[in-house]
Amino acid sequence: IFCLPSFKSMDYIHGYSDTEQVRLIQQAEYWREKLILKDLNYQAGEKLLEIGCGAGAVLGILGQAFPGLKLAGIDLEPKQIDYAQKHLNNLDISNADLRVGDAAKLPWQDDYFDHIYAIWFLEHLPNPLQALQAVKRVTKPGGTITVTETDYRTILITPESADYRYLIDSLCELLLQAQGKPYIGQSLATLLVQAGFERVKNQPFPVHYAYSLDSQELRGFIDYVDSWLAPTVEQAITQLGKDSQRLQAGLDWFRSISDRHDGAVSATIYRASAIN
């Protein structure tokens, strides 16, 4: 849903084009108030690390919302870090500690950060527990971690369509082929406990939009999902040998939901938090 940078650059199904970087910025803006800043209380002078920081979109929002927060980010793809640096500079956010590197082999010293943040990232990792264990090492005692993921099977539409379900199943297969975890949302608490964190919570955050409630909100969500879902169709054809006509029919049906008077869409996002 959500789809940010992957653990392995070659496995990231969305690529690193300029268009994709812009999409990541727009995606973060879409979720700014709805989700990214939800229940956060960071203080000036504290240090925050975002793993899988991608284009710097989320770091930019955190930096704007919490002036004086000392930001750091890591991503395996150099193009992402270069773009993130430019994006933060454009926002007049300076001195962010951005590094190219592996989330499972963090280059910072023990007990360094007050807060860890990750969103739409663990879903791309072949071994998310390894990354969380690395994160725990660099988090101060009493420091916090906030992780947001989804379960792609929960993106439901009305009226339903077998071709749309075929499309979503193909998306999940693509992520699995790339050693990702398309259903990871429900497992966040288990992973945080296994990594050694305490006071673990994992709250489901349902989203639901219907034409009869607010047609503009429905269209906004359909357009948002379409922005990252549509580019996966060609990959499902070439990498998985999926039926192109069924995939396109599923995408067309999904797009049509925003114009249907009986149209609705729902999804479940999981927001996990814990203390080191």
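Which residues lie nearest the centre of the largest pocket? The close-ups below, all taken from a predicted model, begin there.

**View 1. The centre of the largest pocket.** Asp 39, Ile 145, Thr 146, Ser 273 and Ala 274 are the residues that lie nearest the centre. They belong to a lining of 20 residues, and the pocket they help to line has a volume of about 440 Å³.

**View 2. The lining of the largest pocket, by element and by character.** Two or more lining residues come from each of the strands β5 (139-150), β7 (198-210) and β8 (264-275). If you sort the lining by chemistry, you will find 8 nonpolar, 6 polar and 6 charged residues.

**View 3. The largest nonpolar core.** This core holds 60 residues. Trp 31, Ile 36, Leu 62, Tyr 117, Phe 221 and Val 265 have the most contacts inside it. Helix α5 (residues 162-177) is the element that gives the most to this core, with 8 residues.

**View 4. The surroundings of Ile 36.** Leaving aside residues up to four places away in sequence, Ile 36 touches Ala 28, Trp 31, Val 58, Ile 61, Leu 62, Tyr 117, Ile 119 and Arg 271.

**View 5. Another nonpolar core.** Apart from the largest core lies another, made up of 29 residues. Among them are Ile 51, Phe 121, Ile 184 and Ala 272.

**View 6. Two cysteines.** Cys 53 has a relative accessible area of 3%, and Cys 172 has one of 2%. Cys 53 is therefore buried, and so is Cys 172. With sulfur atoms required to lie within 2.5 Å of each other, the count for this model comes to 0 disulfides.

Conventions
Residues are numbered from 1 along each chain as its sequence is written. This is a predicted model: local features need pLDDT of at least 70, side-chain atom pairs count only at pLDDT 80 or more; totals for chains, interfaces and linings use all residues. Side-chain values use heavy atoms; hydrogens and water are left out. Buried means under 20% relative accessible area, exposed over 50%, partly exposed in between (1.4 Å probe, protein chains only). On a 1 Å grid over the protein atoms alone, a cavity is a set of points where a 1.4 Å probe fits but cannot get out, and a pocket is an open set with protein on both sides within 12 Å along at least five of seven lines; lining residues have an atom within 4 Å of a point. Grid points are joined across faces, edges and corners, and a volume is the space filled by probe spheres set on the points. Helices (H or I, at least four residues) and strands (E, at least two) are DSSP runs, numbered from the N terminus. Ala, Val, Leu, Ile, Met, Phe, Trp, Tyr, Cys and Pro count as nonpolar, Asp, Glu, Lys and Arg as charged, and the others, Gly among them, as polar. A nonpolar core is a set of buried Ala, Val, Leu, Ile, Met, Phe, Trp, Tyr and Cys residues joined through side-chain atoms within 4.5 Å. Contact means heavy atoms within 4.5 Å.
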